[in-house]
Amino acid sequence: MSAPLVEVSAISRTYTMRSGMFGRSTAVHAVDGVSFSIRKGETLGLVGESGSGKSTTGRIVLGLEPPDAGEVRFDGEPMAAPGTREWRAQRARMQMIFQDPLGALDRRLVVAEQVREPLDIHGLGTRAEREVRVQELLRSVELSAQHGRRYPGALSGGQRQRIVLARALATKPDFLVCDEPVSALDVSIQAQVVNLLADLQAQLGLTMLFISHDLRVVRQISNIVAVMYLGRIVETGSADDLFARPQHPYTQALVSASPAPGRRSAGRIVLSGDPPNPAARPSGCAFHPRCPLAIARCVTELPALASVASDRQVACHLVTGPEAQSRDAA
Amino acid sequence: MGRYFAIRIARALLTIILVVTFAFVVLRLSGDPSLMILGPEAPPEVLAAFRKAWGLDDPIWMQYVDYFGAIAKGELGRSMRDGRPAIQLVLERIPATLALTLPAFAFKVALGIPAGIYAALNRGSAIDRAVMITAVAGFTVPSFVLALLLVLVFAVQLGWLPSGGQEGWRHAILPIATLGLGGAAVLARFTRSAMLEVLGQPYIRTASAKGVPWRKVVTSHALPNAAIPTVTVLGFMVGTLIAGAVVVESVFAWPGVGRLLVVAVANRDLAVVQCILLLVALTMVTSNLIVDFLYGFLDPRLRAKGAHA
Amino acid sequence: MTDATLKDTAVRRRINRPAIPVSVALAVTWIAAMLVIAALADKIAPYGFTQLDLRNRLAAPGNVAHWLGTDELGRDVLSRLLVSIRISLLIAFGATAISAVAGTMLGFLAAHFRGLVEQIVLMLSDFQASMPFLIMALAVLAFFGNSLPLLIGLMGLFGWERYARIARGLAISANAQGYAAAVRQLGATPSRIYLRHILPNIASTLIVSTTLVFPEVILLESGLSFLGLGVQPPMTSLGNMVGYGREYLTRAAWIMLAPATTIVVTTLAVSIIGDWLRDKLDPTLQ
């Protein structure tokens, strides 16, 4: 088993949000004490609804913004402060795939030039070598040199995302953060892009943090999965185990709502109550207003993430607390 | 609401501070202020007294603070031409400037706003097109050209009106017309677009679809809403009254503040220039503040927002 | 994303449409002619612009020797007009360039550093927008005297706040999401992000603003020169010609009519081109 490439320990991020120009400011705990590590060559899938803090976690892990508390270590070293020279140099080793490929590309430059840009920025290779590398990259994402001469506006959504992927891979990074990389794409091409991503990951030995609300995609590409709810991880485990035997009521609800082969949809758990609002975090376990199994303790006490098996952690009083016995009996 | 006004007042004060700072910096950059203000012919003992009074031998930050103190007390120096206090010279000229700018302002409002409303309500008509063409001309024909054209036609060719001076009401007609025509064109164009924007809003269509008479839709829905942006422009126009008078007073040899400024700049009579600069800033800031306050009362959204602040 | 794509293709379709309104074609022709005149003024002027012809003073336009007549000293009005166009355009272009570059740079600095830098830039631009520029310009001229470089520099202070506001707003939104954020996380330096990516993307909006500032600079310069506080004799400019010509309004109106017409038509032409460009390039700008 290889050493962890990325170690995230107890990171938190709080934003102050104002309603209107004269409104009171409220503190929003976007990320609250999140820890995990990703071993070299593995993919961690980060799952959650919008507002769960998964994108913020991704940005902090990539070093795009600093955490208010906690620490991210990359290859044993702490992350450099954003905007510094060291930070910029570090970018060659870690890259990001965005949800909106059109927004991530400059519409006024042909895409080949944008694929070449990381090589220009980090001064890799001679001019001629860079051109060769660009063609190589375009081929690796299954695009031709003709595609490279077009502007982003003249490509399809899937082609644009391949360009973003080629650009991200230009400097041969070790670590890739994919933030909802296919959710803006047409369903028919989502699978193609996910397959390409999985192939490239295996081929290049990439380490990945894969953020998505789509359980099917996460299941296909991840080794380990972490489920987030309102800024905290509520359950982690290996992908197969977690999806086969979800323990946290929230995970159970998510899994039941996602169609999977060989599982009957009869036992679908429908979540009631308001969708999570990070600006008004409920007391105790943040999930308790929507939890079908909530007990009195859930309202007052925040459950800690605790191991229930090797490589499996859950934050739920009903799973880890004394109540777990009675629930099993029921 | 209170917070809204507090922010506006703070910004107004900030603008005043910036203007004073601007005057201070420009004054210091341009040479020895004692010579600048008193003139090179001033006797040495007067210069020494001035340097002592204004603390010109103190460190720069102290001078800056003292400068504010002096201005707050109304000590704005003396004109180097006739040695009288600059503020007195400027105050003397204000009635003449008001005699031009206030009627011109009334003229702008009386002509520009109805023309703009009429053009918007009869979009595409001959009058609308005439208003638009006049409005474009109002922007592209500079006031000094308009003034000279009026002189050429009404004073030189027709001989109806005098071309300059300040002997009676007939002398004021051409300057007022120059100031008023340009402003009316700008105001008409602005009122027209404000009206058109309001008329395109869904609530106007809803009101007329519900069978409210068109006249009532216009008077009770469209006009009050179009008034809000128009008030802003009017406020800005009040603030620029003196600036607008600079050119026109010069063309018509009208002894107002604007003409005083041009003469003072030409003679480098710095105390007078500084005094007028502050006067303009004060007018600007006051009129902006009044507009902001009116806005606070006119715009219900702002009222609502202020309510729970 | 779909919205943006639709708008993009809509804009492109309109740009490709070949038909240019007659008024715009005329405006472009006029501006082109002005540029040619500015470049070649000393070559095409029939006389030196200070050359006296004392036997032909205040000659009316239309005579063979002096198409546009002569002034009180017998100087050829056409030759003076051509040189005035050169000087006035030089000042207007120089000033517009200074204000566009300085304003855009300040806007970028505000967007990049945020915090205190941004507050200072915003405060200065509020201040600039709330004071009548003519008065400030007169104050500076009173304190510093007059010269052509100072005049260009002074006019260059006009309108910078509009570029600063536009550049700041667009750069902030580009930084928050989209291509600028993407390039930043590739490890690009700020200068690369702002100059190579953001600047080309916001250039069309900035160009439209230029067409709004440019005519106002021409009007300001001619106003100052008209008052005798701008371009000083023996140098001449459009406003300066009108200013000195007004003394002969009763006897020789042509001295001031030729430069006055040039000022009006030039500002009108730039405004027409600006309106047209705004519709074509930037439908979001009001």
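In chain C, helices α2(C) and α3(C) are oblique to each other, an angle being called oblique when it is neither under 35 degrees (roughly parallel), nor over 145 (roughly antiparallel), nor 65 to 115 (roughly perpendicular). The model is predicted: local features need pLDDT of at least 70, side-chain atom pairs count only at pLDDT 80 or more, and totals for chains, interfaces and linings use all residues. Residues are numbered from 1 along each chain as its sequence is written, while chains are lettered from A and ligands numbered from 1 in the order in which they are written.

The axes of α2 (residues 22-44) and α3 (residues 77-113) of chain C cross at roughly 130° and come within 8 Å. Such axes are lines fitted to C-alpha atoms, for helices over the stretch in contact, with angles from 0 to 180 degrees between N-to-C directions. Helices (H or I, at least four residues) and strands (E, at least two) are DSSP runs, numbered from the N terminus. The crossing of α2(C) and α3(C) is left-handed, that is, the near helix is turned anticlockwise from the far one by less than a right angle. From α2(C), C:Met34, C:Ile37, C:Ala38, C:Ala41 and C:Ile44 meet C:Leu82, C:Val83, C:Ile85, C:Arg86 and C:Leu89 of α3(C); contact requires C-beta atoms, placed from the backbone, within 7 Å. These residues comprise nine nonpolar, no polar and one charged, where Ala, Val, Leu, Ile, Met, Phe, Trp, Tyr, Cys and Pro count as nonpolar, Asp, Glu, Lys and Arg as charged, and the others, Gly among them, as polar.

A second helix pair in chain C is formed by α9 (residues 190-226) and α11 (residues 254-281), which pack at about 165° with their axes 9 Å apart. This angle makes α9(C) roughly antiparallel to α11(C). Their crossing is likewise described as left-handed. Residues in the contact include C:Ile207, C:Phe214 and C:Pro215 of α9(C) and C:Val270, C:Gly274 and C:Leu277 of α11(C). By class, the contact of α9(C) with α11(C) has twelve nonpolar, seven polar and one charged residues.

Chain B contains 14 helices and zero strands. Its C-alpha atoms fill a box of roughly 80 × 65 × 30 Å along the principal axes. Of its 309 residues, 37% are buried, meaning that 20 or more other C-beta atoms lie within 10 Å of a residue's own (exposed: 12 or fewer; partly exposed: in between), with C-beta atoms placed from the backbone. Among contacts in chain B with a separation of 6 or more, 72% join residues 24 or more positions apart.

Chains B and C meet through 35 residues of chain B and 33 residues of chain C. On the chain B side, the largest share, seven residues, comes from α13(B). That side has 28 nonpolar, six polar and one charged residues.

Chain A supplies a strand arrangement. All five of the five residues of β7 (residues 175-179) are buried, so this strand is largely enclosed by the rest of the structure. A:Phe175, A:Val177 and A:Asp179 point one way from β7(A), and A:Leu176 and A:Cys178 the other way. Strand β6 (residues 94-97) of chain A pairs with β7(A) in the parallel sense over four bridges, pairing requiring at least two bridges found by DSSP. Here A:Leu176 is the bridge partner of A:Gln95. Strand β8 (residues 207-212) of chain A runs parallel to β7(A) and is joined to it by five bridges, with A:Met208 as the bridge partner of A:Leu176.

Key:
Contact = placed C-beta atoms within 7 Å.
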